[in-house]
Amino acid sequence: MASFVGDEILESKLPEIYQSDVKKADGEENDCPIEEVRLTVPITDDPSEPALTIRTWVLGLISCCLLAFINQFFAYRQNQLFIGSVTVQIVVLPIGKLMARTLPKKEIQVPFTKWSFSLNPGPFSKKEHVLITIFAGCGASGVYAVGIITIVKAFYHKRLHIIAALLLAQTTQLLGYGWAGIFRKYLVDSPYMWWPSNLVQVSLFRALHEKEKRPKGGHTRLQFFLAVFVFSFAYYIVPAYLFPSLSAFSFVCLIWKNSITAQQIGSGLKGMGFGSFGLDWSTIAGFLGSPLATPIFAIANVLGGFALFLWVLVPIAYYLNLYEAKRFPFFSNKTFDFTGNIYNITRILNPKTFEIDRTAYNDYSKLYLSVMFAFVYGLSFATLAACISHIALFDGKTIWKMWKKTASEDGRNGDVHTRLMKKNYKAVPQWWFQVILVVSMALALFACEGFGKQLQLPWWGLLLACCIAFFFTLPIGIIQATTNIQPGLNVITELIIGYMYPGRPLANVTFKTYGYISMSQALSFIQDFKLGHYMKIPPRSMFIVQLAGTIAGSSIYFGTAWWLLSSVEHICDPDQLAPGSPWTCPGDDVFYNASIIWGVVGPLRMFANLGVYPEMNWFFLVGLLAPVPVWGLSRKYPEKRWIRLIHMPIILGATGNMPPARAVHYLMWGGVGILFNFYIYRKYKGWWAKHNYILSAGLDAGLAFMGVALYVTLQSKDIFGPEWWGLEASDHCPLVSCPTAAGIEVHGCPVL
């Protein structure tokens with residue numbers, strides 16, 4: 001997995017600025033085994049460059065708190081708005097330079113200490129900029145546990161102690177630091193763990209800060225970024241305001257307007273996606289991340305898994321009518337009863353105890369899923385099992401060797417970046433991570449066992465969730481660090497606690513949050529640490545910024561949510577809200593339904609003998625065995641290196657983002673990824689090295705700024721584009737969600 005196209009560096013074809021990076025600097029040879037890193041990350045460092053300054057604290061803390069407040073405030077509104085850290089990355093640069101020009105340089109002594117600091121330590125540095133962006137990222141990442149607080153107060157209408165809620169929000173975000181401290185030696189110091197998406201950030205920081213002489217008849221990286229940014233900013237008004245249908249367009253549905261089967265084949269949003277496309281960067285990168293930052297072998301595996309799933313497995317199951325599939329839509333994440341209508345949860349839920357009414361359940365209907373969604377669950381089981389066996393087979397022998405190499409104190413066994421970091425900066429002491437882990441664990445136990453056990457999760461459930469998170473952090477971290485794809489633990493955690501502790505919805509979602517988010521937070525922390533590794537940020541400064549940003553961001557997320565849930569009457573209840581009220585909480589009903597499906601109905605009545613889908617449990621065995629043939633072939637034919645690039649966890653988990661991702665998103669993402677990371681990478685490597693990641697950053701930034709501008713100026717006032725056919729944000733396939741079984745009556749669909 002070291003490189004996705006080859007190991008040669010074509011220095012003669014590289015721009016001059018990159019040739020200097022791949023040769024020598026300060027006596028260091030760029031021996032990084034990953035070609036993309038060699039082409040992108042500089043091997044120079046100036047340890048005297050300021051990093052954790054007063055400017056970092058002021059701009060970072062303000063950015064973190066603002067993003068946390070805005071993103072949580074608008075998360076409850078019908079027209080959601082999300083502002084990412086790339087927006088801050090652009091905005092704070094001129095502000096930081098202005099502060100460097102205007103603030104006094106006088107040293108300020110901290111009273112009663114030997115510490116002093118300067119309001120203006122010199123020019124605004126690249127390291128300050130990196131730390132501010134990471135600080136802001138803590139405010140943009142969201143707090144998953146807020147979903148629990150929302151469903152308790154707004155959906156269940158139950159009391160939740162404010163301290164228990166605050167501890168829940170804080171500890172779920174902080175527990176991952178413990179796992180990060182344990183695995184950072186392998187996932188950060190190892191040159192083979194290269195975290196592809198970080199290269200986009202590295203390229204943008206270099207373009208914004210490094211002085212580059214414009215070649216005759218050409219342009220600098222900063223000029224290219226600005227050109228892409230302006231184009232992306234101007235163009236996004238078309239799919240976001242004037243022509244939303246351009247985001248997902250289907251030729252098949254326009255030709256066969258009255259055929260359910262044709263629309264199932266052609267719809268890019270709720271079908272197989274044949275003949276569909278989207279001319280919108282948010283369609284390409286909004287759900288699966290930027291394809292420009294994903295290695296081509298990972299893109300190929302994802303597209304292979306997508307095709308096998310949506311073009312082979314699901315159609316066969318649907319048209320053979322497995323699990324009464326034709327009674328329900330071809331593509332849907334909703335739950336249904338036997339008649340093909342949306343499942344009425346209120347008919348089976350005891351409102352006083354929040355437990356299932358078994359008599360009502362038996363009199364009503366079993367819980368059904370679309371066959372697509374049922375197999376999404378099955379493949380999620382397979383993916384987790386495949387992660388374990390794949391890592392054991394392909395990396396088991398080398399993990400221990402690499403661990404010993406990267407754990408060496410002098411760093412001689414790492415690459416140039418590891419050696420520079422160990423040479424110039426003090427590492428973060430292990431006990432820092434251990435203290436956070438112990439304190440967070442103690443507070444989490446207090447939140448679960450105290451306050452009248454309002455969260456329903458017992459102490460053993462919390463410890464089990466932490467064990468699951470710890471167990472999967474390394475294998476999933478290896479996959480994400482080499483492929484830019486992270487398999488999730490949300491389904492497996494729901495399944496485990498649903499079997500072990502059924503009938504308790506809050507226990508189910510709390511267990512899921514501790515088991516899934518603590519692992520996700522650990523990998524987010526490690527990914528940021530790797531960015532600091534590439535940008536040569538002092539590790540202790542990185543740790544302090546991440547810790548402060550996590551605490552500040554989660555506090556603001558919690559405070560904003562608690563304020564709105566306590567002050568907005570009938571929030572999240574569209575039936576009780578005044579006409580036109582925006583407080584509909586469009587994303588939280590999914591979290592609520594998950595608590596019912598897994599916590600009330602439970603996996604026993606879905607994936608066991610009492611349910612409709614017990615065969616899905618065989619996917620655990622399928623996933624466990626799937627990497628074995630690939631491993632065997634790679635051992636038998638070691639000269640065929642492409643065999644090792646067949647990655648079964650990615651293939652099986654390719655459609656784990658379905659929904660919200662749809663066929664059109666996968667097709668456009670894969671097409672753009674193949675164009676840039678295969679064709680252009682091979683044909684025009686010099687252009688790719690200079691422009692690829694800058695292009696990704698410019699497209700992201702332009703879309704983000706236009707999205708904010710449109711929301712503030714028009715959409716927040718319910719002003720949308722001109723009324724015409726293209727204003728509908730769909731692919732114009734109205735029949736794609738209709739059942740094809742005879743006699744099923746669903747509103748808006750023909751009865752066959």
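These legends accompany close-up views of the cysteines in a predicted model.

**View 1. The three disulfides, taken together.** Welcome to the overview: searching the whole structure turns up three disulfides. With bonded cysteines counted along the chain, they follow the pattern 1-4, 2-3, 5-6. The views below visit each pair in turn, then two cysteines that are in no disulfide.

**View 2. The disulfide of cysteine 253 and cysteine 733.** Here the two sulfur atoms sit 1.9 Å from each other. The link is right-handed, with 105° about the S-S bond. Cysteine 253 belongs to helix α12 (residues 251–255), while cysteine 733 is found in the segment after α29 (685–713), so this bond ties together parts that are 480 residues apart in sequence. Take a look at the surroundings of each partner, too: cysteine 253 is buried, at a relative accessible area of 2%, and cysteine 733 is likewise buried, at 7%.

**View 3. The disulfide of cysteine 572 and cysteine 585.** In this pair the sulfur atoms are 2.0 Å apart. The disulfide is left-handed, because the torsion about its S-S bond is about -70°. Both cysteine 572 and cysteine 585 lie in the loop between α23 (539–567) and α24 (588–601), 13 residues apart. Each of these two cysteines, 572 and 585, is buried.

**View 4. The disulfide of cysteine 738 and cysteine 749.** The S to S distance in this view is 2.1 Å. A value of -85° about the S-S bond goes with a left-handed link between cysteine 738 and cysteine 749. Both partners are in the segment after α29, so the bond ties together parts that are eleven residues apart in sequence. Cysteine 738 is buried, as is cysteine 749.

**View 5. Cysteine 64, which is in no disulfide.** For cysteine 64, the nearest cysteine sulfur belongs to cysteine 65 and is 5.2 Å away. A disulfide needs the two sulfur atoms within 2.5 Å, so a pair at that distance does not count as one. Cysteine 64 has a relative accessibility of 0% and therefore counts as buried.

**View 6. Cysteine 138, also in no disulfide.** If you have just come from the previous view, you will meet a familiar residue here: the cysteine sulfur nearest to cysteine 138 is that of cysteine 64, 5.7 Å away. With 13% relative accessibility, cysteine 138 counts as buried, since the cut-off for that class is under 20%.

Definitions and conventions. Residues are numbered from 1 along each chain as its sequence is written. This is a predicted model: local features need pLDDT of at least 70, side-chain atom pairs count only at pLDDT 80 or more; totals for chains, interfaces and linings use all residues. Side-chain values use heavy atoms; hydrogens and water are left out. Helices (H or I, at least four residues) and strands (E, at least two) are DSSP runs, numbered from the N terminus. Buried means under 20% relative accessible area, exposed over 50%, partly exposed in between (1.4 Å probe, protein chains only).
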